[in-house]
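Student: Hey, could you walk me through this one? I've never looked at it before.
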Amino acid sequence: MSPTIVRTLLVKDLRLGPRSPLVLWSLILPLVLTVMVRGVFGSLFDTQPRLGIADLGSSTLTAQAQLLDGLDVSLHRDETALRAAVADNAVDAGIILSPGFDDAVRSGERPTLEFLVAGESLASNRILVAVATLDLVRGVAGQEPPAVVEVVTLGEAGLSIDARMVPLLVIMAVSIGGVMAAAAGLVQEKERGTITALLVTPVSAIDVLVAKGLLGVILATLTGLVTLALNGGFGGSPVMLVLAVLVGALMMAEVGLLLGSWARNQNTLFTAWKGGAIFLLFPVFFYLWPGLPQWIPGLSPTYYFLQPIFELAVEGGTAGGVWLELAVAIAICAALLLPVRLAARYLEQQSFRAQRPPSAVADDDLHPTPA
Amino acid sequence: MDQASIQAVGLSYAYGDTLAVDDISFGVAAGEVLGFLGPNGAGKSTTIRMLTGQLSPHRGSIRILGMDMPGDRTAIQGRIGVCFEEKNLYLEMTAHENLAFFATLFGVTVDVDALLERVGLRERGRDRVSSFSKGMRQRLMITRALINTPDVLFLDEPTDGLDPVSARGIRDLIRAEADRGAAVLLTTHDMHEADELSDRVAFIDDGRVIALDAPEELKLAHGQRSMRVRRRVGGLVEEEVIELDGASAADQVRAAVAKEGLLTVHTEEATLEDIFVQLAGRGLSG
Amino acid sequence: MNLRIVGAIIKKDLRLFSRDLFYVLMTAFGLVVYVAMFWVLPSSVDETLRLGVHAEGMGDLLDLGPVDGPKEGLAVVAFDSQAALRDAVEAGTDGIAAGLDLPQGFIEDIRAGDQPKITVFLRGDAPAELRDTIGGFVRELAYAVASVAPPVDMPSLTDVVVGIDRAGDQLSLQDRFRPLFAFLVLMIETFALAGLIATEISGRTVVAVLVTPATTAEFLLAKVVVGTGLAFSQAVLLLGLIGALGTGTLTLLLALLLGSLLVTGVGLLAGSTGRDFLGIVFWTMLFIIPLTVPAIAGLFPGAAAAWVVAMPTYGLVATITAVTVDGAPFRAVAGDLGVVAIWCVLVLAAGLLVLRRKVATL
């Protein structure tokens, strides 16, 4: 392998970068996904019970309800609007506060609380919303609770859905830049015949693979770090985090090199990715739904860089807590080096075989063509 | 020209600000082979694209077999055959399947095996085109152009990249089609091919036809004939070139042949490339 | 329009697809994976709030209940000791999210007005709504023990339900993923069609076809038929394998057909714009990601934002959900399908126009 040649090949690919849709895509994708997750899906990820209020009399209950963190309170201009929201399942429940509600409650008149429940609301949410509402009403009435409640929190606080989405965003960014840049770049060179043009110069197949791999690593690392920056930062161990992203980028690039060396055309490459990518990506589901068995993601190699990233960036972990997974990830990357080496040999054979006359018999062109 | 299978009058086409074809007029009769000779970028392929209905000329008119192009395009395309410069075959299909598909498009029933036999590909008919060599693909391209027994053939660089033996086979095939009565428009930058195959040759340069005539007439009109005489003189080989078009040519020839030590005598005539260079001021490969 | 020519092109395209054995195998494999994933997903929803209680001798206490709500909403698990209750809450045993430790003599103290202290154990990762409302829950319990009626006349929660009451019959993850899987299958075939078109353009085989009697319109129609046929057939197969075809089959088939036409339009657009594989991926993803939004939105409870409802694929997702979950008749989803149909026309027209122009410039 020649570092000079590798550098030349890499610089060529980087120069072509702005003209390549893949490079553009690798740079735009993290931004697009983050915007979608945070801004676009914000409301959809909010699984808190939703209370709609049609306050027709400026009740103090409304202001108190809006102070609650655990309820998503929305105000509606009138009963009709509120009923429509309940019917559409835009809220789990709704209350209609008629004019003079507060006075009626304080004076002991026991007015009827107009309470609506959305049919699709979870049973547990209905109870929680109802209880919260009653609690607020008793506050308006000035009733003194007959017992004092002390809440003791056990264990660590859970993570928001935004935080649990981070592994998904990171692996998408890293795999687009890592796998696809390396794989698609190789396949493209094969389809255009430029790979053969390279291999009949002092360039070796391993030079080509290393250059493509480096391109993938650079793109994947860049996009992975940008994604992390857009989704909450680098936690307390930025150096370790960068290392984890780098290891992930390397692993993805190696996978890309293997895929790209093997696939003879773009269709085959994409089909392989379509069918096989799930084995690399499935660990993200276990972050999104932590109730699922957590030993399963360990079956995928990507877990061993995703978990350190998750712990460092999202859970605020330290280097000491992730070294084992990271060591495994590095070992996987090292183990992939041999297949990549073999892939270089295969690539060479494949390219030169494409140049020789494909017929085992002497070339037809040397024989007279019948009239 | 009224009988012409191909009749082009005042054709022009521009790609943006670049005038690729500039006021070209010519005709090709049934059974005739017209060679379009010119360097790369001269306008040959653009002309063929207009004639085959891929492009609409910006100016001028085209009549193929008495029908207007592009007005009667579908009817015309049912009676022409086109062999493109690029090898646009379906690589994952066999040779047989490629031809059968195009036969269906033309609505003709053909003996595909017989067609493949004609170009020596019958035994490879069931193999995928992706396994074919360059020459085999080119032969298949030609065969595809003949699938509907066309009355007009457009051949864009038909022997490009072929070895001499295969190229000769293709030229024989083209000649046979012309003998059958097809009008053949052939583009090439191989002057030997144009010379050997064409009944008439059109030189095209910078989008314009700069000469159009039979090869022999072009040579007579623009070429210079010469004779090279070699003799051994005192252990060395001397060469004398005698221009045959001069008034004293006959005397010079007699004198040269009579001298002692005569080794060889070769006559030469201008090649089409020489004539092209003379007319265009540059070579065919420029 | 010469149907013989269209048929020949369709046959040729299908042959090209089938020649790539790997593509065929992996497509089948992908279908298997989606189906397997579907059947692994939970088929029911746990909408019960589980509370642990340590209240010696007060086992019937929570029968009083703070509100008259659906029986599915609350489950009480008794514990013999505070330590056991605490451990259960911390470990999340049996899904217990909170635990009430009622002191000895709790009832007597409340009735005597002594304001006893009730300890509530709460898991750290308990949802915010539970953190905010558990105190009120316990207070309501105390009010009930103290026989202090609420200052309002609170109706029974089962009497004020608007719309179909899904308590005990909520949309499971299987139900929510169904449209997403269907859409994923449709989306994948977009890439296949885009690749086919891009190959024909880059290999210039489309030019070879168009100098025969085949017209551009026939070429385009063949591509639409192939793209739609492949997407439709795979989507139908998927829905069949996940047991979605039963009630409202015709409506579902119509929805899938419209979805297939929609993604075919996207495939035409992407195939025209991409010069090579990378370009195809770029442009296809650019079009497809926004179209995926409604399908992903369906995974989470709650109404979709207005702009999501306006997306071309929203009607498709809504129809599949309505038909497969609620057995909605055609007339109930006709409006949604109508919107999808309009989008189909627009996207398909755009795709055909762009591809036609691309072919004309070759």
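Tutor: Sure, we'll take where two chains touch, and then a pair of helices. This is a predicted model, where local features need pLDDT of at least 70, side-chain atom pairs count only at pLDDT 80 or more, and totals for chains, interfaces and linings use all residues. Residues are numbered from 1 along each chain as its sequence is written, while chains are lettered from A and ligands numbered from 1 in the order in which they are written.

Student: Cool. How many residues of chain A are in contact with chain C?
Tutor: 75 residues of chain A, facing 82 residues of chain C; contact needs C-beta atoms, placed from the backbone, within 7 Å.

Student: And which element gives the most on chain A's side?
Tutor: That's α6(A), with 13 residues. Helices here are DSSP runs of H or I, at least four residues, and strands are E runs of at least two, numbered from the N terminus.

Student: Do strands come into it? What joins β5(A) to β4(C)?
Tutor: 7 bridges, and the two strands run parallel; pairing takes at least two DSSP bridges. Within that pair, V152(A) stands opposite F121(C).

Student: New topic: at what angle do α9 and α13 of chain C cross?
Tutor: Roughly 20°, with their axes coming within 8 Å. Axes are lines fitted to C-alpha atoms, for helices over the stretch in contact, and angles run from 0 to 180 degrees between N-to-C directions. That makes α9(C) roughly parallel to α13(C), a label for angles under 35 degrees.

Technical notes: Parallel < 35°, antiparallel > 145°, perpendicular 65-115°, else oblique. Contact = placed C-beta atoms within 7 Å.
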